[in-house]
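Dear colleague,

I am passing on the structure below, together with some notes on what was found in it. Please read the notes with the coordinates open beside them.

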Amino acid sequence: MEVPSPARQIPALSALGLFALTWVVTPANVYMYTHGAQMVGLTPGDQPIPVEFHLIRGLLQVVLLSILWSYSSAAREEAAEAR
């Protein structure tokens, strides 16, 4: 069964949408790291979250952005070849 051309672009657009959403919240995460945001109230007993957590989250965010971008690029190329 042949998949319609617009439907083949959905995975690429979905990955691109998640990339954009992640990119938009990145400045907030950088601010939290550079200003030592503690996020009190998210842990039992109101223990502050270590600043190193923000660094780890930032690194994971870079990995996520690279995965989403490469998936989106590959899916767009695949959809273009199928035309």
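R57 is partly exposed, because its relative accessible area of 21% is not under the 20% below which a residue would count as buried. Please bear in mind throughout that this is a predicted model, and that the percentage for R57 is a value computed from that model. R57 belongs to helix 3, and its C-alpha atom lies 8.1 Å from that of N29, although 28 residues separate the two in sequence.

N29 brings us to the largest pocket, since N29 is one of the residues that line it. The volume of this pocket comes to about 180 Å³, and its lining consists of W23, T26, N29, V30, Y33, H54, L55, G58, L59, Q61, V62 and L65. Helix 2, which spans 10-34, and helix 3, which spans 51-82, each contribute at least two residues to that lining, with the largest share, seven residues, coming from helix 3. What is the make-up of the lining by class? Seven of the lining residues are nonpolar and five are polar, while no charged residues are found there.

Some of the lining residues also appear in a feature of the surface, which you may wish to view alongside the pocket. Y33, L55 and L59 make a nonpolar surface patch of about 290 Å², and these three names are also found in the lining of the largest pocket. Y33 sits in helix 2 and is partly exposed, because its relative accessible area is 38%, a value that falls between the limits of 20% for buried and 50% for exposed.

Two further positions complete the notes. H35 is found in the loop between helix 2 and helix 3, and H35 counts as exposed because its relative accessible area, at 53%, is over the 50% that this class requires. The C-alpha atom of H35 is separated by 9.1 Å from that of V51, a residue 16 positions away along the chain. S14, for its part, is placed in helix 2 and is partly exposed, with a relative accessibility of 41%. Between S14 and L60, which are 46 residues apart in sequence, the C-alpha to C-alpha separation in space is 19 Å.

With best regards

Conventions
Residues numbered from 1 in each chain as written. Predicted model: local features only at pLDDT ≥ 70, side-chain atom pairs only at ≥ 80, totals over all residues. Heavy atoms only, no water. 1 Å grid on protein atoms, 1.4 Å probe; cavity = no way out; pocket = protein on both sides within 12 Å on 5 of 7 lines; lining within 4 Å. Points joined across faces, edges and corners; volume = space filled by probe spheres on them. Helix = DSSP H or I, 4+ residues; strand = E, 2+ residues; numbered from the N terminus. Nonpolar A, V, L, I, M, F, W, Y, C, P; charged D, E, K, R; others polar. Patch = residues over 30% accessible without salt bridge, like charges linked within 9 Å, V, L, I, M, F, W, Y side chains within 5 Å. Areas by Shrake-Rupley, 256 points an atom, 1.4 Å probe, with all protein chains shown as cover. Salt bridge = Lys/Arg side-chain N within 4 Å of Asp/Glu carboxyl O. Buried < 20%, exposed > 50% of the residue type's maximum accessible area, 1.4 Å probe, protein only.
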